[in-house]
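This report covers two ligand sites, beginning with a metal centre and then turning to a second ligand and its surroundings.

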Amino acid sequence: MLRMSTAALFAMLATAGGAQTPAERGAYLVNSILTCQNCHTPKGPGGVPVFARDLSGGLSWDEPPFKVTASNITPDPQSGIGKWSDAEIKTALRKGVRPNGIALAAVMPFDFYEILTPRDLDAIVAHLRTVKPISSQVPDPIYRMSVPRNIPPGAEKPMAESDMADKVKKGFYLVTIGHCMECHTPMVKGRRDFRADLGKGGFEFKGPWGVSVSRNITSHREKGIGAWSDAEIKRAITQGLRKDGTQLKPPMGFALYAKMTADDLDAVVAYLRTVPARE
Ligand code: HEC
Ligand code: HEC
């Protein structure tokens with residue numbers, strides 16, 4: 001009989017059983033719930049992402065504290081992050097600090113990434129290493145004032161892998177890394193109050209679509225989504241349709257969230273049901 005090393009046997013069983021490699025897990029997260037492409041991939045006519053130039057630099061922001069463009073995060077050694085070590089990429093993701101010590105503007109949702117499990121951080125880095133390197137220099141950032149960190153309560157440290165067995169906790173994890181509450185919590189005097197206003201909506205987004213205002217996604221039965229069915233909530237997240245079936249405006253990354261697994265989407269809805277009602 002053919003002999004096989006234990007490692008080779010496990011590798012074969014893992015593939016047959018459909019277990020994901022870290023890079024596959026990373027691709028899943030980056031291309032779905034994490035919506036990195038929504039900011040880091042350039043957009044063509046009609047706001048459609050140009051996936052041929054995936055992650056090579058994207059949207060720009062000109063706000064009172066900074067003027068920045070989402071960086072080229074392909075492995076290109078000069079204009080991308082090809083020369084960064086794994087640890088340096090993880091520090092940028094969780095701490096919002098570049099290898100040269102300069103802090104990133106808080107549009108980059110690093111406050112929502114402290115909760116990433118070590119396994120998922122490894123997976124994201126593994127995937128970023130596999131992306132096609134593209135040479136593209138984004139404009140240098142301009143910083144006018146520093147912005148203090150503001151991490152949602154409960155998301156200050158990596159989630160324990162064992163918590164993922166709890167549907168609501170897993171949903172909280174996904175909603176955090178999907179930075180839903182960054183957009184769905186109002187900015188009052190330059191800061192979001194995650195304790196008082198979590199999910200209340202009311203944040204304005206200007207773009208080619210005109211102005212869109214994030215909605216109340218708390219469990220409030222009239223003002224929020226408390227009276228919506230699970231299917232209606234899922235349809236809003238993955239297809240961008242309101243309860244009445246009309247189309248929601250950008251910039252929420254519906255098409256990316258649509259790539260979530262059914263289990264993950266279920267967990268997101270289970271958590272949203274627990275968000276205290278606010279109006
Ligand atoms: C809401 C928009 C947005 C999302 C979503 C986003 N980023 Fe960013 N990211 C930015 C912006 C803007 C910058 C540049 C900030 C600056 O120059 O200060 C940035 C910077 C970075 C940097 C630093 C690169 C450099 O050269 O300095 C890395 C690494 C990075 N992002 C990775 C990611 C990954 C991986 C994801 C998904 C997990 C992601 N980002 C999601 C907006 C975003
Ligand atoms: C980049 C900002 C942004 C992010 C990130 C975001 N949203 Fe939204 N979302 C919006 C805006 C803006 C609207 C309203 C658009 C409109 O009314 O045309 C919206 C609408 C919705 C609606 C429809 C509510 C209603 O009353 O019609 C739901 C549900 C929703 N978002 C849930 C989520 C969830 C869950 C996540 C994370 C998985 C998320 N959003 C991430 C900006 C965002």
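Six donors count as octahedral if opposite donors are over 155 degrees apart and all others between 65 and 115. The model discussed here is predicted.

**Iron site of ligand 1**

The six donor atoms around the iron atom of ligand 1 make angles of 87 to 179°, and the site is octahedral. For comparison, the ideal angles for six octahedral donors are 90 or 180 degrees. The protein contributes His 40 through NE2 and Met 108 through SD, at 2.0 to 2.2 Å from the iron atom. His 40 belongs to helix H3 (residues 36-40), while Met 108 sits in the loop between helix H4 (86-95) and helix H5 (118-130), so the pair ties together parts that are 68 residues apart in sequence. Both His 40 and Met 108 are buried.

**Surroundings of ligand 2**

Ligand 2 is surrounded by 20 residues, the closest being Cys 180, Cys 183, His 184, Lys 249 and Met 252. Three polar contacts of ligand 2 are listed below.

| Ligand 2 atom | Partner | Distance |
|---|---|---|
| nitrogen | N or O atom in the side chain of His 184 | 2.8 Å |
| oxygen | N or O atom in the side chain of Arg 215 | 2.9 Å |
| oxygen | polar backbone atom of Lys 249 | 2.7 Å |

Helix H7 (180-184), strand E7 (210-213) and helix H9 (230-239) are the elements that each give two or more residues to the shell around ligand 2. H7 supplies the largest share, three residues. By class, the shell holds 13 nonpolar, four polar and three charged residues.

Notes
Residues numbered from 1 in each chain as written. Chains lettered and ligands numbered in written order. Predicted model: local features only at pLDDT ≥ 70, side-chain atom pairs only at ≥ 80, totals over all residues. Heavy atoms only, no water. Donors = N, O, S within 2.8 Å, 3.2 Å for Na, K, Ca; no water. Tetrahedral: all angles 85-135°; square planar, octahedral: opposite > 155°, others 65-115°. Helix = DSSP H or I, 4+ residues; strand = E, 2+ residues; numbered from the N terminus. Buried < 20%, exposed > 50% of the residue type's maximum accessible area, 1.4 Å probe, protein only. Near = heavy atom within 4 Å. Polar contact = N/O pair within 3.5 Å; in protein donor to acceptor, adjacent residues only side chain to side chain. Nonpolar A, V, L, I, M, F, W, Y, C, P; charged D, E, K, R; others polar.
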